[in-house]
Every structure is written in structure tokens, then in C-alpha cells.
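Subject: Structure handover

Hello,

Here is the structure for you to look through. My notes follow below it.

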Amino acid sequence: MTRKSNNHKKGGSRAFTGSGDFRPKKNLGQNFLNDMNIVRKILFVAETSGNDAVIEVGPGLGIMTRELAGSAGLVVAVEIDKSLMPRLQPLAEEFPNVRLINRDILKTDVRRDIIDAFVSGSAGASGQPLDKVKVVANLPYYITTPIIMKFLEDNSGDVDSMVIMVQKEVAERMVASPGGKDYGAMTVTVNYYSVPEIQFIVPPSCFTPRPGVDSAVIRLTMRKTPPFELKDEKYFFDVVRAAFSQRRKTLANALANAPCVGVPREAVSQALEALGKDPLARGETLSPREFGELSNRLWESRDRGA
Ligand code: SAM
């Protein structure tokens with residue numbers, strides 16, 4: 001049996017990627033999905049409906065775009081690779097609810113270039129206004145973190161959820177518990193803005209070409225309100241970043257060395273004691289909420305010039 005016919009044997013679960021003469025570009029993270037079961041499972045997790053607008057980052061050859069077009073009210077697909085446009089254009093002609101943008105997602109203003117330009121004022125399948133914006137994507141792995149951070153940090157209530165394929169180890173970092181080696185600034189940031197849940201693991205064989213690592217589909221449900229109150233959000237993230245920038249140091253030493261935190265060592269130790277934590281604690285032992293409490297206390301010490 002040839003490899004190609006083998007790909008088709010399980011009731012059409014394997015989709016020929018149709019890459020034909022297209023040479024995937026490694027530097028753009030082009031690992032195309034070749035398994036329709038995975039595409040369907042992603043759509044199931046995303047719970048796409050006719051009243052949803054979907055932002056797809058990196059449609060590639062369009063394997064997921066086609067399915068999304070059939071289930072969502074509107075699909076805005078942002079692809080950086082100009083040479084993929086002639087392959088995606090027929091999809092936009094076949095499905096009037098597909099919009100293609102040839103642009104770098106990191107240089108795209110989501111509100112202005114996507115929401116205002118295409119989503120606002122558009123009707124869903126039932127003629128009702130589109131009521132949710134969802135990001136659904138098999139992300140290019142070389143810029144996974146910046147893309148996730150962009151959607152989390154720039155989101156002013158526009159995006160409802162993200163269902164994204166990422167490297168398994170990145171997904172594990174997002175859901176990590178305090179105390180472990182995977183727990184870090186990314187965990188705290190992702191959990192501040194959203195509720196992350198790993199949905200399923202995807203082996204390299206589901207992509208063409210195969211990546212060198214396992215992948216995972218993770219769902220980030222955006223929080224409507226922050227999980228705890230902060231005196232200053234930017235300062236909170238300064239504290240979190242400083243805490244993990246020198247993981248081997250105690251928190252007191254790591255934060256006292258950081259100009260953006262601007263408090264002496266003793267102030268950090270005192271704030272930790274007031275929280276019931278060991279003054280020699282390391283950053284990875286604090287939960288996101290404890291980081292919130294610590295940064296609120298330090299913000300006050302800083303205000304008083306302690
Ligand atoms: N969605 C397709 C699939 O599942 O087969 C392709 C996924 S592939 C992992 C990632 C896609 O993101 C590629 O098509 C790549 O060209 C595109 N891409 C890479 N960097 C990008 C960027 N900065 N902005 C938008 N798209 C990008």
C-alpha cells in the first residue's frame with residue numbers, strides 16, 4: 001500500500017494537504033495539518049456557530065479555513081505568506097463569509113484591521129449580528145508566545161476565546177501549577193487574562209512536514225473581569241517579569257535588583273511575611289493571586305518611597 005492510500009484508509013480522516021508543488025517554508029512555521037479528524041476536533045472544542053466571527057491566524061493551505069467557513073458566521077484569515085494567496089483565494093470565492101488578509105499578525109491591529117474592518121456591522125448566518133469573536137488557529141511555532149501575548153494583552157473585551165494548536169511544552173507552561181519548573185511569567189500572565197485548559201495532544205504525524213515535537217490544542221477562555229484587583233496592572237507585570245528573570249535567586253533579591261520594581265530588599269521580605277510567605281521564597285512558589293497581593297503591597301511601599 002502506498003503512503004498516500006494509507007493516509008486515506010480511515011474513513012477519510014486523513015486529508016491530503018493538497019500542497020502539490022508548494023514547498024512549505026520552515027522559517028514561517030509551515031507545518032500543515034493533514035488530518036481531518038484533528039481539524040474537526042479543534043472546531044468541536046471552539047464550539048463555532050453561525051453567530052461567531054473567527055479569526056484564523058495562518059490559514060496556510062486552508063484545511064481548517066474551509067471547515068470554519070462552513071460552521072462560523074464569518075472567518076477572517078490572516079496569512080503572512082503572499083505565495084499562499086492564490087491558493088486561498090478560491091476559498092474566499094467559494095465561501096462569501098471568508099475574508100483574507102495578507103499580513104503579519106504581529107503587525108495587525110486586531111481592533112482596527114479586523115474587528116472594525118470586518119466584524120462590526122456584519123451579520124451571522126441567521127441574519128443576527130455576530131455576537132462572539134473567537135481565535136481558532138494552528139499557530140506558527142516560531143512566534144507562538146508573541147501571538148498569544150498579543151491577543152491577551154491587546155484584548156479589550158473583543159475576543160471571547162482562543163482555541164489554538166501550540167507546542168505541547170508551551171501548553172504545559174500555560175497550565176502549570178506553582179512550584180514546578182514549567183511555572184513562570186507566562187503561566188501567571190495567561191491565567192490573569194484567561195482560563196487555560198489543554199484539550200488534546202497531537203502527534204507529529206498529523207502534520208506535513210512533521211514538526212520535531214508533540215503539539216497540544218489548548219483552549220483559553222478570556223476572563224470578563226480580572227481574577228483579582230490590582231493597584232497597578234503594569235507594575236504587577238513588572239514584578240512578575242522581574243521575579244522570573246532570575247529564577248535561582250530569592251524573590252527578595254530578584255525584585256530588589258530590578259529598577260522597574262523600585263523597592264529595597266527589606267520591603268519585599270516584609271511584604272512576603274505579611275502574606276504569610278517565607279521571606280526567602282522564590283518566585284515560582286507564588287500563585288498568580290499571591291503575585292497580585294505582593295505587587296499591591298510593593299506598589300504602596302514604592303509610593304511611600306520605602
Ligand atoms: N492553518 C494551517 C494548517 O493547519 O494547516 C497552517 C498552519 S502553519 C502551522 C502556520 C501558518 O501561519 C503558515 O501558513 C504560516 O505561513 C503562517 N504564518 C507564519 N507567521 C505568520 C505571521 N507572522 N502572521 C500570519 N501568519 C503567519
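I start with one residue in a strand: D160 belongs to β6, which covers residues 159-167. Keep in mind throughout that this is a predicted model. With a relative accessibility of 15%, D160 falls under the 20% cut-off and so counts as buried. Its side chain is in polar contact with the side chain of K224, at 3.4 Å.

Overall picture

The protein chain contains twelve helices and nine strands. Its C-alpha trace spans about 65 × 50 × 30 Å along the principal axes. Of the 306 residues in the protein chain, 51% are buried.

Helix α8, residues 185-193, goes well beyond that in one respect: eight of its nine residues are buried, so the helix is largely enclosed by the rest of the structure. The buried residues of α8 are M186, T187, V188, T189, V190, N191, Y192 and Y193.

The ligand

Which residues are closest to the ligand? They are G58, E79, D104, N138 and Y142, out of 24 residues that surround the ligand. By residue class, the shell around the ligand splits into 13 nonpolar, six polar and five charged residues.

Three pairs of polar atoms may be useful if you set up the site:

- E79: an N or O atom of the side chain is 2.6 Å from an oxygen atom of the ligand.
- I105: a backbone N or O atom is 2.9 Å from a nitrogen atom of the ligand.
- E56: a polar atom of the side chain is 3.4 Å from a nitrogen atom of the ligand.

How much of the ligand's surface does the protein bury? On its own the ligand exposes 600 Å², and the protein buries 99% of this area. The ligand takes up the space of the largest pocket. Two elements each give two or more residues to the shell around the ligand, namely β1 (32-33) and β3 (74-79).

F32 is part of strand β1. Its relative accessibility is 8%, under the 20% cut-off, so F32 counts as buried. The C-alpha atom of F32 is 9.1 Å from that of G62, and the two residues are 30 positions apart along the chain.

Backbone points to check

Most residues other than glycine have a negative phi, and most peptide bonds are trans. Two places in this model depart from that pattern, one for each part of it.

The peptide bond that runs from T208 to P209 is cis, and its omega is near -10 degrees. P209 sits in the loop that joins β8 (207-208) and β9 (215-222).

E47 is not a glycine, yet its phi is positive, at about 50 degrees. This residue is in the loop between α2 (36-46) and β2 (52-57). Is E47 buried or exposed? Its relative accessible area is 54%, which is over the 50% cut-off, so E47 is exposed.

In short, the ligand is 99% buried by the protein, with 24 residues around it, and the backbone has a cis bond before P209 and a positive phi at E47.

Regards

Conventions: Residues numbered from 1 in each chain as written. Predicted model: local features only at pLDDT ≥ 70, side-chain atom pairs only at ≥ 80, totals over all residues. Heavy atoms only, no water. Near = heavy atom within 4 Å. Polar contact = N/O pair within 3.5 Å; in protein donor to acceptor, adjacent residues only side chain to side chain. Areas by Shrake-Rupley, 256 points an atom, 1.4 Å probe, with all protein chains shown as cover. 1 Å grid on protein atoms, 1.4 Å probe; cavity = no way out; pocket = protein on both sides within 12 Å on 5 of 7 lines; lining within 4 Å. Sits in = over half its atoms within 2 Å of the grid points. Helix = DSSP H or I, 4+ residues; strand = E, 2+ residues; numbered from the N terminus. Nonpolar A, V, L, I, M, F, W, Y, C, P; charged D, E, K, R; others polar. Buried < 20%, exposed > 50% of the residue type's maximum accessible area, 1.4 Å probe, protein only.
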